[in-house]
Amino acid sequence: MTKFPLIASPIVFMAALMSASSLSAQELPKKEYPSPNAIVDAAPASDWQAISASDLLVMDLAPDAKGEPRRVVIQLMPPPFSQGWIGNIRKLAAAKFWDGTSINRVQDNYVVQWGDAGYDNPESGETEQKALPDDLVEVPESEYVVPVEQYLDAKFVSGSAGDAAEAAADAAEAMALSALEDEKRAADPNYKKWEERDPYSEYAQFLDSWPMAESGDGEEAVLWPVHCYGAVGVGRNLSPNTGSGAELYTVIGHAPRHLDRNIAVVGRIVEGIDHLSSLPRGKGQLGFYADPKKRVPIQSIRLGNDLAEAERPQFEYFDTASKTFASYADARANRRDPFFIKPAGGADICNIPVPVRRVKAGE
């Protein structure tokens, strides 16, 4: 099984210093540990990577009851993952398919779903479906996973000399983190990497700053994106249907990892998820709105690069191959800042969200 190492530190044990000249024990001064947020705030600019406007999907909902705008920004997943569906999503956005559609389903502790109300909505009363663009592709179920070798070819083989240099730097960084991890394992016999604790796969990790799971060995090894909070997926009917991308949903509850490899993950919400997670829960079957008046209208969904330049949102994500992210992941798995009493000693991959920040124009 191919693994791409990410460091996670062991639990730190505090010892008591016994004084030979005193009958009472004197405790060592408690070491100050920064919180995960403090680690992110102190990260150098080099640890942040820009998100291309062409990889952002911008959804504008109708204003709220107070007339305030509601914008949701989605980052689409990079190659080679879920590209058949993402290609369809790009075509749907270009065709302005979602303009005038709506949020149709809000299921508590699960998902918010949007698209054509006439699609697979048992309570909608709609009998007609909005026509789809003619050039959408049917994506096979095999595309739910990506062979590790395919990922390696896309990441390290194809591309320019600059890509090769970047890949070499990433590999060197990974080797350094792996060596440091081995030192920590040798120093603490109870040390276990948080990635090894994933109950849904053989191995969980971050690749290109996306949470991924892995299973299998050698040529049989495969990777797949996982359903964490804020993940965006493709609605579908029963197998072998895989969905076109016209119906999308996002996770607003505990990570439904049982959906992994059963539904395509195509992106994640980087801003505005509160506009979805705060919506009233649907009372119909599976959280669909039984009353059409409850649906939230979608004004438009566009790719970021199709917006006027002055309106294009700019974001950066935290580089998960950096040493700073390794410290951040360790701090998430082993909270030692003042509020916490006992470090957990591990974390589910979805409990280590990758920070994303908005960048002001001109920065």
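This report describes the overall make-up of a predicted model, then its internal spaces, one helix and two residues set in strands.

**Overall make-up**

The protein has 363 residues, of which 47% count as buried, and its secondary structure comes to six helices and 17 strands. Among contacts between residues at least 6 apart in sequence, 72% join residues at least 24 apart. The surface that the protein exposes comes to about 18300 Å², with carbon and sulfur atoms supplying 52% of that area.

**Pocket and cavity**

Rolling a probe the size of a water molecule over the atoms shows where empty space is left. For the second largest pocket, the volume is about 450 Å³, and the lining is made up of 27 residues, among which Y229, R268, I269, P353 and V354 lie nearest the centre of the pocket. At least two lining residues are supplied by each of α1 (36-41), β10 (210-215), β14 and α6 (323-333), and the largest share, five residues, comes from β14.

A search of the whole structure for cavities of 30 Å³ or more finds one. The lining of the largest cavity consists of S82, W85, E143, Y144, P225, R261, I263, A264 and V265. The table sets out the volume and the lining classes of the two spaces.

| Space | Volume | Lining by class |
|---|---|---|
| Second largest pocket | about 450 Å³ | 22 nonpolar, three polar and two charged residues |
| Largest cavity | about 40 Å³ | six nonpolar, one polar and two charged residues |

**Helix α6**

Helix α6, which supplies at least two residues of the lining of the second largest pocket, is largely enclosed by the rest of the structure, because eight of its eleven residues are buried. The buried residues are T324, F325, A326, Y328, A329, D330, A331 and A333.

**E271 in strand β14**

Strand β14, the source of the largest share of the pocket lining, covers residues 265-271 and includes E271. With a relative accessible area of 28%, E271 falls between the 20% limit for buried residues and the 50% limit for exposed ones, and is therefore partly exposed. Beyond its neighbours within four places in sequence, E271 is in contact with R71, V72, V73, F315 and R358; with R358, the side chain of E271 forms a polar contact of 2.6 Å. The C-alpha atoms of E271 and G230 are 9.5 Å apart in space, while the two residues are separated by 41 residues in sequence.

**R105 in strand β6**

R105 is found in strand β6, which covers residues 102-106. Its relative accessible area of 10% is under the 20% limit, so R105 counts as buried although arginine is placed in the charged class. Not counting residues up to four places away in sequence, R105 touches Y110, V111, V112 and Q113, as well as L286, G287, F288 and Y289. For one of these, G287, the C-alpha to C-alpha distance from R105 is 5.3 Å, with the two positions 182 residues apart in sequence terms.

Two polar contacts of the R105 side chain can be described. One is made with the side chain of Q107, at 2.6 Å, and the other brings a polar atom of the R105 side chain to 2.7 Å from the backbone oxygen of L286, a residue that R105 also touches.

Note on methods:
Residues are numbered from 1 along each chain as its sequence is written. This is a predicted model: local features need pLDDT of at least 70, side-chain atom pairs count only at pLDDT 80 or more; totals for chains, interfaces and linings use all residues. Side-chain values use heavy atoms; hydrogens and water are left out. Helices (H or I, at least four residues) and strands (E, at least two) are DSSP runs, numbered from the N terminus. Buried means under 20% relative accessible area, exposed over 50%, partly exposed in between (1.4 Å probe, protein chains only). Contact means heavy atoms within 4.5 Å. A polar contact is a pair of N or O atoms within 3.5 Å; within protein, one must be able to donate a hydrogen and the other to accept it, and residues adjacent in sequence count only if both atoms are side-chain atoms. On a 1 Å grid over the protein atoms alone, a cavity is a set of points where a 1.4 Å probe fits but cannot get out, and a pocket is an open set with protein on both sides within 12 Å along at least five of seven lines; lining residues have an atom within 4 Å of a point. Grid points are joined across faces, edges and corners, and a volume is the space filled by probe spheres set on the points. Accessible areas come from the Shrake-Rupley method with a 1.4 Å probe; for residues, only the protein chains shown count as cover.
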